[in-house]
Amino acid sequence: MTLEEAIRSRHSVRAYTEAPICQEAIAALQEEVAKCNQESGLHLQLITEDKKAFDCMMAHYGKFRNVANYFVVAGRKDDPQLERKCGYYGERLVLLAQQLGLNTCWVALTFKKNERMQLADGEKLVCVIALGYGNEEGRKHKIKTYNDVCDVKDATETFRKGVEYALLAPTSLNQQRFKITIKDGKGIVEPKWGFYTKIDAGIAQYHFDLAFE
């Protein structure tokens, strides 16, 4: 599966089978976690075989089932770009997981912290990403159009593809509260006001950037 195919096929999944993630996939994900941490300065972690994080009332209310694997998305509290980085590099892990035949779901509140989530002094747990083999592939949602999020009229074909990819990115409550502009010759996804919009902008930025690779 190519990254474009992963972008188009990936949808949020909250219910998983009890099958453990194969060791080859775990190794590939751990390698990517290490690369992302080195590049970003974040403290991303892959946690497997742990049902404690989603064994709570909020997770059940959120219709999460059989979540035993997840990514911890964390970093330095004093990093002014923390949330945006978390979205950018977290989505990099999400799309790799999709390529490996796994399903995912970004989770901001409906989980509980436990001792498997290792945080150093001065670090903040921003969110987690549920991971596993889904009972289904998830569902498509209605998305905005190019003109809804971007007013660049003379955009190149690659830029327009970047916007298309960004519009396929997951966002909190599927709100897509971002605007795409050009600054210093580069396409930038800017968050609008709202909860988790900085994370969403980072996720969408990673999608956008993939059009130029």
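Colleague: Before we start, what does buried mean here?

Modeller: Buried means under 20% relative accessible area. Keep in mind that this is a predicted model.

Colleague: Fine. Which residues of helix 6 are buried?

Modeller: Helix 6 runs over residues 157-167. Its buried residues are Phe159, Gly162, Val163, Tyr165, Ala166 and Leu167.

Colleague: And what covers the buried residues of helix 6?

Modeller: Several elements do. The cover includes helix 1 (3-9), helix 5 (146-149) and helix 7 (197-210). Strand 5 (178-183) and strand 6 (186-191) are also part of it.

Colleague: Let's take helix 7. At what angle do the axes of helix 6 and helix 7 cross?

Modeller: Roughly 145°, and the axes come within 7 Å. The crossing is right-handed.

Colleague: Which residues meet there?

Modeller: Helix 6 brings Phe159, Gly162, Val163, Tyr165 and Ala166. Helix 7 brings Ala204, His207, Phe208 and Leu210. By class, that contact has 7 nonpolar, 2 polar and no charged residues.

Colleague: Histidine 207, then. Is it buried or exposed?

Modeller: Buried. Its relative accessibility is 1%, and the cut-off for buried is under 20%, so histidine 207 qualifies.

Colleague: What is histidine 207 in contact with?

Modeller: Leaving aside neighbours within four places in sequence, histidine 207 contacts Ile7, Glu91, Leu95, Tyr165, Ala166, Leu168, Ala169 and Pro170. Tyr165 and Ala166 are also among the buried residues of helix 6.

Colleague: Switching to the core. How many residues has the largest nonpolar core?

Modeller: It has 50 residues. Phe159, Val163 and Ile180 have the most contacts inside it. Helix 4 (residues 82-99) gives the most to this core, with 9 residues.

Colleague: Any other core to note?

Modeller: A second, separate core has 17 residues, including Tyr16, Phe64, Val72 and Val107.

Colleague: Back to phenylalanine 159. What does it touch?

Modeller: Not counting residues up to four places away in sequence, phenylalanine 159 touches Tyr146, Cys150, Val152, Ile180, Thr181, Ile182, Gly187, Phe208 and Phe212.

Colleague: Ile180 turns up again. Which residue stands opposite isoleucine 180?

Modeller: Valine 189, in strand 6. Strand 5 and strand 6 pair in the antiparallel sense, over 6 bridges.

Colleague: How many residues lie between the strands in that hairpin?

Modeller: The hairpin of strand 5 and strand 6 has 2 residues between the strands. Aspartate 184 in this hairpin takes a positive phi near 55°.

Terms used: Residues numbered from 1 in each chain as written. Predicted model: local features only at pLDDT ≥ 70, side-chain atom pairs only at ≥ 80, totals over all residues. Heavy atoms only, no water. Buried < 20%, exposed > 50% of the residue type's maximum accessible area, 1.4 Å probe, protein only. Helix = DSSP H or I, 4+ residues; strand = E, 2+ residues; numbered from the N terminus. Contact = heavy atoms within 4.5 Å. Core = buried A, V, L, I, M, F, W, Y, C linked by side-chain atoms within 4.5 Å. Axes fitted to C-alpha atoms, helices over the stretch in contact; angles between N-to-C directions. Left-handed = near helix turned anticlockwise from the far one by under 90°. Nonpolar A, V, L, I, M, F, W, Y, C, P; charged D, E, K, R; others polar. Pairing = 2+ DSSP bridges.
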